[in-house]
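This report describes selected features of one protein model. The sequence and structure are shown first, and the description follows by topic.

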Amino acid sequence: MARLISLAFEASAVLSVLVVALVGTALTSMLMVAVSLKLLIDAAIQHSSGGVVAGAIVAGLGLAGNVAWLPLGASVSLRLQERIQAALDRRLMTHVARIPTLELYDRPELAQKLQLLMNDDRFPIGGALVTLTSVVAYVGLLAVASVAMGVQHPLLGLVPMAVVPLLWVGYRADRAWERTRERTAGDQQLAHELFRLCTTPDAGKELRIFDVGDDILERHAAAEARFSKALNRASWNAALVRSASWLVFAAGYVAAVLVVVQRAVDGQATAGDVVLVITLALPIVMLAGTAGPYLSVLSQLNAAAERLRWLSDLAAEASRPAPATSSPPTELLGSIRLEDVTFAYPGASTPTLTDVSLAIPAGSVLALVGENGAGKSTLVKLLCGLYEPTAGRIVVDGFDLRDIDHEDWRSRICAGFQDFVHFELLAGDSIGVGDLPRRSQPEAIATAIQRAGSGDVLVRLADGLDTQLGRSWTDGAQLSTGQWQKIALSRGLMRDDPLVVVLDEPTAALDPSAEHQLFQRFAATVRAGRDNGAVTVLVSHRFSTVRFADLIAVVDEGRVTDVGSHDELMARGGTYAELYEIQMRNYQ
Ligand SMILES: Nc1ncnc2c1ncn2[C@@H]1O[C@H](COP(=O)(O)OP(=O)(O)OP(=O)(O)O)[C@@H](O)[C@H]1O
Ligand SMILES: [Mg+2]
């Protein structure tokens with residue numbers, strides 16, 4: 001809970017203090033109204049004008065507090081709610097971004113907890129401070145009411161406490177409802193996904209061509225029917241249990257009022273006492289209606305705080321640097337070697353890469369070829385240090401990659417990926433983020449554009465590098481897949497002194513001649529020794545491109561089955577030669 005309170009203060013200290021003060025004022029003003037009525041009535045009966053004035057002042061203050069609370073409290077807590085949710089988002093982003101490798105993305109736990117924190121927990125966490133203060137205030141109210149009634153008769157002091165079992169029953173009913181909601185979460189998620197599928201542009205083409213709209217509507221209706229039936233039953237049960245327990249409480253309270261009335265008749269209590277006991281019932285009952293749900297929210301908050309703690313511990317643990325880290329070399333002199341590298345994705349039963357040994361000499365271009373799913377991208381991710389080998393090691397000029405600082409290593413990598421990101425920024429920034437320190441240097445961006453051959457994309461943009469890209473913006477330029485890929489490739493080639501350049505099918509959406517030209521140009525610059533011994537790892541299914549690499553490795557089901565130059569592999573007549581022949585024949 002301390003974590004959640006600190007989150008509120010981090011989001012806005014001023015609003016947090018205001019919320020606490022306002023909740024306190026609301027409660028105090030309710031009590032003031034109740035007490036002022038007693039004072040007024042007692043004073044009126046005793047013909048004490050001073051007492052009437054005092055009572056009227058207290059009543060006025062109480063009512064003013066009450067009236068002020070409603071609009072002010074609502075808007076302040078809403079503002080705070082928004083600020084806390086934004087702070088929560090930033091905290092989640094920081095935690096996830098601090099995790100240096102990709103391993104954790106593959107752990108279903110992380111995905112589930114993040115999902116809960118981002119959706120279900122957002123609202124309660126946003127209102128955590130209001131909830132906690134309200135609960136404390138409610139306990140205060142019950143204590144005051146107990147004292148006021150206990151003065152009449154010690155046993156009457158217990159009557160306000162009778163609300164406790166009531167809250168408990170309500171809490172149980174809410175929990176039962178909550179469990180039903182969790183149980184039906186699958187169907188709710190399904191309905192949500194189907195809705196998204198029908199309404200987002202991505203699926204638009206296929207939905208229409210395959211005419212699956214009606215089918216999706218039916219599935220949506222079926223999923224909705226399943227979860228709403230269960231939820232209906234649960235919420236009726238909760239409502240019935242609640243009402244019944246309230247009736248019991250009300251009967252008890254009426255009995256208590258009768259006792260005080262009887263005492264008044266006997267002259268042991270004043271008319272004001274009777275009014276006080278009756279008026280105190282109102283906030284107790286009224287607030288219990290909100291306090292009941294507050295208790296369920298409290299238990300949900302507890303779970304949410306637990307999840308938040310789990311995530312921050314995980315991020316702290318994962319981002320702790322290994323004890324002895326060294327910097328990457330300034331230039332590659334020898335080679336990057338994979339020594340018996342085996343790798344299995346977290347949770348996978350079979351390894352994706354098995355006993356891969358491969359030497360990539362400094363300054364050379366290595367091409368990886370192989371079927372879909374062979375493990376090419378996985379190998380590339382290991383080289384980038386995004387995953388660590390399960391067994392074996394990657395050696396960079398004699399240093400184990402594990403001992404090289406992750407961040408430093410990655411700052412020496414240029415990368416274009418198969419599943420690249422559409423950074424919906426200004427075109428120049430979308431390229432510039434490839435090397436943040438040089439993001440606003442026009443020459444750096446121009447060089448990257450030239451390296452990737454993406455000049456044609458930029459020429460067609462209305463404002464050149466200052467054009468806003470992406471569908472999320474009203475005036476954002478819509479690019480074709482190939483154009484996006486060229487932007488991504490320019491971004492990938494921003495850095496000037498890489499040690500490794502990985503090109504994992506970054507050109508799959510380009511036409512073969514564009515790809516061919518790109519690699520020709522690229523290989524020429526690499527060979528010219530611009531790159532302080534940097535190695536280039538290229539993945540492509542196009543043999544017309546691959547053949548120009550210095551070294552070609554054939555990857556088959558996670559193993560490197562053959563390595564050599566194009567001529568060597570052709571002379572050997574293995575898989576590579578066969579595939580090459582097939583592709584060349586089909587192209588002619
Ligand atoms: N994050 C992941 N978690 C678990 N398994 C994965 C993950 N990513 C890839 N795999 C599995 O690893 C295997 C190799 O995938 P990889 O992406 O390396 O293939 P690839 O050779 O690059 O194929 P393609 O030519 O289609 O790009 C596949 O069987 C795939 O299902
Ligand atoms: Mg791949």
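## Backbone outliers

Asp-355 is partly exposed, because its relative accessible area of 46% lies between the limits for buried and exposed residues. The residue is placed in strand E2, which covers residues 353-361. Its phi is positive, at about 45°, although Asp-355 is not a glycine. The model described here is predicted.

A positive phi of about 45° is also found at Glu-557, again not a glycine. Glu-557 is located in the loop between strand E9 (551-556) and strand E10 (559-564). With a relative accessible area of 69%, Glu-557 is exposed. Most residues other than glycine have a negative phi.

## Domain layout

The protein chain is divided into domain 1, made of 2-179 + 241-316, and domain 2, made of 422-496. Taken over C-alpha atoms, the centres of domain 1 and domain 2 are separated by 53 Å.

## Magnesium site

The magnesium ion (ligand 2) has as its protein donors Ser-377, through OG, and Gln-418, through OE1, at 1.9 to 2.4 Å. Ser-377 belongs to helix H12 (residues 376-383), whereas Gln-418 sits in the loop between strand E6 (413-416) and helix H14 (427-432), so the pair ties together parts that are 41 residues apart in sequence.

Both donors are described by their accessibility. Ser-377 is partly exposed, with a relative accessible area of 22%, and Gln-418 is partly exposed as well, with a value of 37%.

## Salt bridges

The model contains 22 salt bridges. Side chains of opposite charge can pair when their charged atoms come close. In one such pair, the side chains of Arg-91 and Glu-10 meet at 2.7 Å, N to O. Arg-91 lies in helix H3 (residues 49-98) and Glu-10 in helix H1, so this salt bridge ties together parts that are 81 residues apart in sequence. Arg-91 is buried, at 17% relative accessible area, while Glu-10 is partly exposed, at 48%.

Asp-121 and Arg-307 form a salt bridge of 2.8 Å, N to O. Because Asp-121 lies in the loop between helix H4 (108-118) and helix H5 (122-126) and Arg-307 in helix H11, the pair ties together parts that are 186 residues apart in sequence. Asp-121 and Arg-307 are both buried. A further salt bridge joins Asp-435 and Arg-438 at 2.7 Å, N to O, and both of these residues are buried. Asp-435 and Arg-438 are linked with Arg-451 and Asp-496 in a network of salt bridges.

## Buried helix positions

Ser-245 is part of helix H10 (residues 213-265) and counts as buried at 13% relative accessibility. Not counting residues up to four places away in sequence, Ser-245 touches Leu-166 and Val-169.

Leu-276 is found in helix H11 (residues 271-318) and is buried, with a relative accessible area of 11%. Leaving aside neighbours within four places in sequence, Leu-276 is in contact with Ala-34, Val-35, Lys-38 and Ala-148. The C-alpha atoms of Leu-276 and Val-163 are separated by 18 Å, and these two residues are 113 residues apart along the chain.

## Nonpolar surface patch

Ile-5, Phe-9 and Val-17 make a nonpolar surface patch of about 230 Å². Ile-5 lies in helix H1, which covers residues 2-11. At 31% relative accessibility, Ile-5 counts as partly exposed, and this value meets the requirement of over 30% for membership in a patch.

Note on methods:
Residues are numbered from 1 along each chain as its sequence is written. Chains are lettered from A and ligands numbered from 1 in the order in which they are written. This is a predicted model: local features need pLDDT of at least 70, side-chain atom pairs count only at pLDDT 80 or more; totals for chains, interfaces and linings use all residues. Side-chain values use heavy atoms; hydrogens and water are left out. Patches are made of residues with over 30% relative accessible area and no salt bridge: like charges are joined within 9 Å, nonpolar side chains (Val, Leu, Ile, Met, Phe, Trp, Tyr) within 5 Å. Accessible areas come from the Shrake-Rupley method with a 1.4 Å probe; for residues, only the protein chains shown count as cover. A salt bridge is a side-chain nitrogen of Lys or Arg within 4 Å of a carboxyl oxygen of Asp or Glu. Helices (H or I, at least four residues) and strands (E, at least two) are DSSP runs, numbered from the N terminus. Buried means under 20% relative accessible area, exposed over 50%, partly exposed in between (1.4 Å probe, protein chains only). Donors are N, O and S atoms within 2.8 Å of the metal (3.2 Å for Na, K and Ca); water is not among the atoms, so sites may look incomplete. Domain bounds come from an automatic or database domain assignment. Contact means heavy atoms within 4.5 Å.
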